[in-house]
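Reader: I would like a close look at the strands of this model, taken slowly and in a sensible order. Which strand sits beside which, and what packs against them?

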Amino acid sequence: MNDGHAHPDGAADAEPLRAAARVFVEVATAVQEASAHATAALTDSRTLRASVRAPLPWYQAERALAHALTNGRGLGYALTGGRLGGLAARLGGLLGQESLAVLLLATSLRLRIAAVALHHPELHADAHLRRLITAVSEDRDLAALRAMRTLLKDRGAVRALSDLAPVFGEVLALKALLDENPLNDRTAWLIATGTRYADADPVLGISNGFVAALDRGQGAARRTEPAPGEAVRLRDRGSLLDFLANIGTLGPTGRVLIQSVTGPDGVERHVVQAPGMRMGRPDTDSPQDLLGAFSSSVLASSPFSRALVKAVDDYGIPQGGELALVGHSAGGSAIMNLVQDPGFCARYTVTHAVAVGSPVDFKRPADPRTWVASVTNQHDIIPTLDGQGAGTCFDLHPDWYVVDYFDPTHLFPACHSIEHYCANLTRDLPEAREHIDDRLSPYRGQVTRSRIYRLYDDPPRPDGYPFLSVPTRREEGLEMPIRCRAGSALSAFFTADPRAAAALVDEHGLGRCVRLGGRALVVVHVGANHDTSAGPYREVMLGVVVHDPWGARPLRVWPDLARSAQFRRAGVCLLASAVDNRDLAGRAGSLWGYRPTFTDVSVAVAGGGVDLRVEPALTLRGRLGPALGVVSGDLVGFARDGRAAYRSVIRSARRARVHPAPTVRLSVGTPADPLTRLAGELGLDGRRALFCTSVPVHQTLRDAGVPIQTT
Amino acid sequence: MTASAAEHAATLENDARIVKECGARLAGVLAGMGDDAPTWLRELVDAHRAACEVASGDLAAAARRLRRLAEG
């Protein structure tokens, strides 16, 4: 185990190699500039015009320049810079022509690898690794490919990457410098010279900007409660290990934590704690997905960091309030984006930033007073994704506290986990931990407030949007309209004895039965409402399909029944119902004009079938069969409660599928309540549905019934 | 146009000097490392120094030709 400030190994024997690597970078840069100047002279159109006036001197000058830029014993194939120079350089890259500047940089990278190998002797002792590094250094592509394949075959991708991790950036840069792909040359140059983050992948040369551009969003944060058991695990004291433990408790779940701590001086300060990448799909509505992690690392502002700003703003920290930011993995990159945001740093005083296992080498604090610490395990590949890892020869941040260490656990991703970093800081890096804790001493104290935020790429839509974004009011003790955010529904249509049906409808005085082939049409409507503003409930309604109560239209009723509720005249005369929600059972009479039985109702409308059971004695089961076409999923009901009659509507956001050949059957046991009794009277027991309509996933809006006068 | 050639000539004369100095800097690296310098590095530094020497000469030659073009 080793740690140190700025230079990881803290070992004098590696420094001469690193110093030599830096000299090679400076020399390579100077040679590259000379090459660019010579290319500019060669391709200058003003010089070309001199060929008319002085053709021989012009020719001799051009020939001398061309010779200087292609002499394999001098600058090598060194055309570079400008449109023509760039094109020629790419052509040269394709043909495997190298310049002196590139060869100098390759030597610099080999020196960096040699410096790392002093403390990672396995890089040279291991035959597979040695073979790979040597082949890459000598630009023997086929041999490098074979060595890589052997390495992967011998120990698998995870182990191979872990073993290579300390020199991962250098090996990739070497490969990119020397291979025939001209697209990755610029990335290799950036890694080798340490001037800025690698802005393309070093293998294929695909622009990071292109990949990061896929991660879009203004960023949003919503308050959320801790999951069961989490609240007690969140630490109530402020220290480095406490903050990292909190990050471990939250885990990569797309959430962040903000805490207020009363410091030893009695001043309240605030700590943002940001976990890393959320596991799962690469691009979700969370900015902490794979794309978010990537863009946070390579861009100055990303949806992740913008969402973090929203969370901090919402938390209510006063202007100029003191703030420490702690992040792991992509969370470390995101907090560093806040640190380098001048606007954020003008609103708040960012005193400390601690990034653990994060690629943050090219982040630059906007406020020079911000104290920054970076903790990285040399076998962790993630911190090297910006191109600078254990082998870097540049002291990019002499004013930062850098802990770049290694331990015997080489396996990635285990060594990247927050738990592993916590264990290392606890057991193996006591001095580094104490140093960081010492700097964080203003934040050492009792936690007085904690709030968790879930982060989003963009503000999340309200539940049920857009169908359910309606004004609400209280009526009969219920918030109306009732919004069902998730559920399913089914209507099974049966033919029934017209005289029995007409007799029941006449009792209510709510229109005339709709006839189909001389028979009345009876409907059993089933709703499974899992998530509603009135709580979950399941219900079943039995009714007879009726014409407009103010006038029958025998032919036009069919298209009318398929229309949405706001235009529909016909409906269902509700005769009986059952519901498993006591509140609704008690209030339905005054809201909708019918009085359901309160009982157990179980419903499943899924997988192409329905399974309904209403205790004690009614079932509706079977397959729905194929669907042919869709109609409105709305339900219009007429009901009478004493002298008052109501028209009520269940509006569905989804259309209903029509199933013309279902095998759904209704079964009624011993009549025990109005529902089973009326189903029996209508002769539905054992009957197969004529057709069904279904909405397997629905959202509904159900307002109070409208009183109507039909007499 | 002659002015342009003269500017290029001046730049390349300076570059020739810088590249020559680069070779000397590389030699200084080896000297600084003493016996600790690995063999592969010695071989590469020798090659790079020679290349810098040749490159410096090429740049100086090109600068002379450009100067002649500018004066002609």
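Author: A definition comes first: two strands count as paired if DSSP finds at least two bridges between them. The model is predicted.

For orientation, the domain assignment divides chain A into domain 1 (15–196), domain 2 (221–456) and domain 3 (477–708). Between the C-alpha centres of domain 1 and domain 3 of chain A there are 75 Å.

Begin with strand S22 of chain A, residues 644–652, and its partners. Strand S21 of chain A (residues 635–641) runs antiparallel to S22(A), and seven bridges join the two. One residue pair shows the register: A:Val636 has A:Val649 in S22(A) as its bridge partner. The hairpin made by S21(A) and S22(A) has two residues between the strands, and A:Gly642 there adopts a positive phi near 70°.

S22(A) also pairs with strand S26 of chain A (residues 706–708), antiparallel and over three bridges. In that pairing, A:Tyr646 is matched with A:Pro707 of S26(A) as its bridge partner. Strand S25 of chain A (residues 691–702) is another antiparallel neighbour of S22(A), again with three bridges. Here A:Ser652 is found opposite A:Thr700 in S25(A).

Now the sheet that holds strands S1 to S8. In chain A, eight strands make up an open sheet with mixed pairing, ordered S1-S8-S2-S3-S4-S5-S6-S7. Its edges are strand S1 (220–224) and strand S7 (401–405) of chain A, each of which pairs on one side only. From one strand to the next the twist averages 20°.

At the S7 edge, strand S6 of chain A (residues 371–377) runs parallel to S7(A), with five bridges between them. Within this pair, A:Val375 faces A:Val403 in S7(A) across the register.

Two helices complete the picture. Helix H18 of chain A (residues 418–428) packs on the sheet and touches S4, S5, S6 and S7 of chain A, while its direction makes about 105° with that of S6(A). Helix H16 of chain A (residues 330–339) lies across strand S3 (268–274), strand S4 (322–328), strand S5 (349–356) and S6 of chain A. Relative to S4(A), helix H16 of chain A runs at about 150°.

Terms used
Residues numbered from 1 in each chain as written. Chains lettered and ligands numbered in written order. Predicted model: local features only at pLDDT ≥ 70, side-chain atom pairs only at ≥ 80, totals over all residues. Heavy atoms only, no water. Domains from an automatic or database assignment. Helix = DSSP H or I, 4+ residues; strand = E, 2+ residues; numbered from the N terminus. Axes fitted to C-alpha atoms, helices over the stretch in contact; angles between N-to-C directions. Contact = heavy atoms within 4.5 Å.
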